[in-house]
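Got a new model open and wondering where the labels on it come from? Let's go through some of them together.

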Amino acid sequence: HLQYADEDCWVKVCIYYGIPNSIIAYVDGHELEPLTTITWDNMAMPTLDGSQPHGSYFYDRVGAETGRPGYLYAVLRGGSNSVLDLKISHKVVLTTRVTVTSEWGGWNDENSNNFFNKGIDGLVRNIAL
């Protein structure tokens, strides 16, 4: 947070993570949704400016802006003691067009839970690029 800044002061920060995992942001313990999820099928990057609230962010895991993947962009504002926490998720988003749950593709059927099986019998059989 910008501890001693006025509420009309803001800054856009860029943090390098360099990992494919998603990054989750929290302000005062409340999870924030990213402005967009950049994937190979969604390369549109939003513009961050001072009109957006404290903690507005997105993670460029594919390198849409710089050609180098792994940069997080966020807005920090003054005027409050709200802290922005950034945490690495265990989730990797490959596309915005397919949502995979444990019910999809027979991962959790009456015979067994196939989600944690290895190779073509588990998650790999349900991923198609």
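Below is a short round of questions and answers about this predicted model.

Q: What makes up the chain, in terms of helices and strands?
A: There are 0 helices and 6 strands. Read from the N terminus, the elements go β-β-β-β-β-β.

Q: Why are strand 1 and strand 5 called paired?
A: Pairing takes at least two bridges between two strands. Strand 1 and strand 5 (residues 71-77) have 7 bridges, so they qualify. The sense is antiparallel. For one of the bridges, look at Tyr 16, whose partner in strand 5 is Tyr 71.

Q: What makes strand 1 and strand 4 edge strands?
A: The open sheet holds 3 strands in the order 1-5-4, with antiparallel pairing. Strand 1 (10-16) and strand 4 (57-60) each pair on one side only, and that makes them the edges. Neighbouring strands here are turned by 20 degrees against each other on average, ignoring direction.

Q: Why does Leu 72 count as part of a nonpolar core?
A: A core like this is made of buried residues of certain kinds, Leu being one of them, joined through side-chain atoms within 4.5 Å. Leu 72 belongs to the largest such set, which has 9 residues, including Ile 23, Tyr 57 and Leu 84. Strand 2 (23-27), strand 4 and strand 5 each supply at least two residues of that core. A second, separate core has 7 residues, among them Ile 38, Leu 48, Val 62 and Val 75. As a general point, nonpolar side chains in soluble globular proteins tend to be buried together.

Q: How do you know that Asn 42 makes a polar contact with Thr 36?
A: The cut-off for the N or O atoms is 3.5 Å. The side chains of Asn 42 and Thr 36 come to 3.2 Å, so the pair is within it. The side chain of Asn 42 also has a polar atom 2.8 Å from the backbone oxygen of Thr 37.

Q: Where along the chain is Asn 42 found?
A: Asn 42 is in the loop between strand 3 (30-32) and strand 4. Asn 42 and Ala 64 are 22 residues apart in sequence, and their C-alpha atoms are 9.2 Å apart in space.

Q: What share of the chain is called buried?
A: Buried residues, meaning those under 20% relative accessible area, make up 29% of the 129 residues. The accessible surface of the chain comes to about 8400 Å², with 52% of it belonging to carbon and sulfur atoms.

Conventions
Residues numbered from 1 in each chain as written. Predicted model: local features only at pLDDT ≥ 70, side-chain atom pairs only at ≥ 80, totals over all residues. Heavy atoms only, no water. Helix = DSSP H or I, 4+ residues; strand = E, 2+ residues; numbered from the N terminus. Axes fitted to C-alpha atoms, helices over the stretch in contact; angles between N-to-C directions. Buried < 20%, exposed > 50% of the residue type's maximum accessible area, 1.4 Å probe, protein only. Polar contact = N/O pair within 3.5 Å; in protein donor to acceptor, adjacent residues only side chain to side chain. Areas by Shrake-Rupley, 256 points an atom, 1.4 Å probe, with all protein chains shown as cover.
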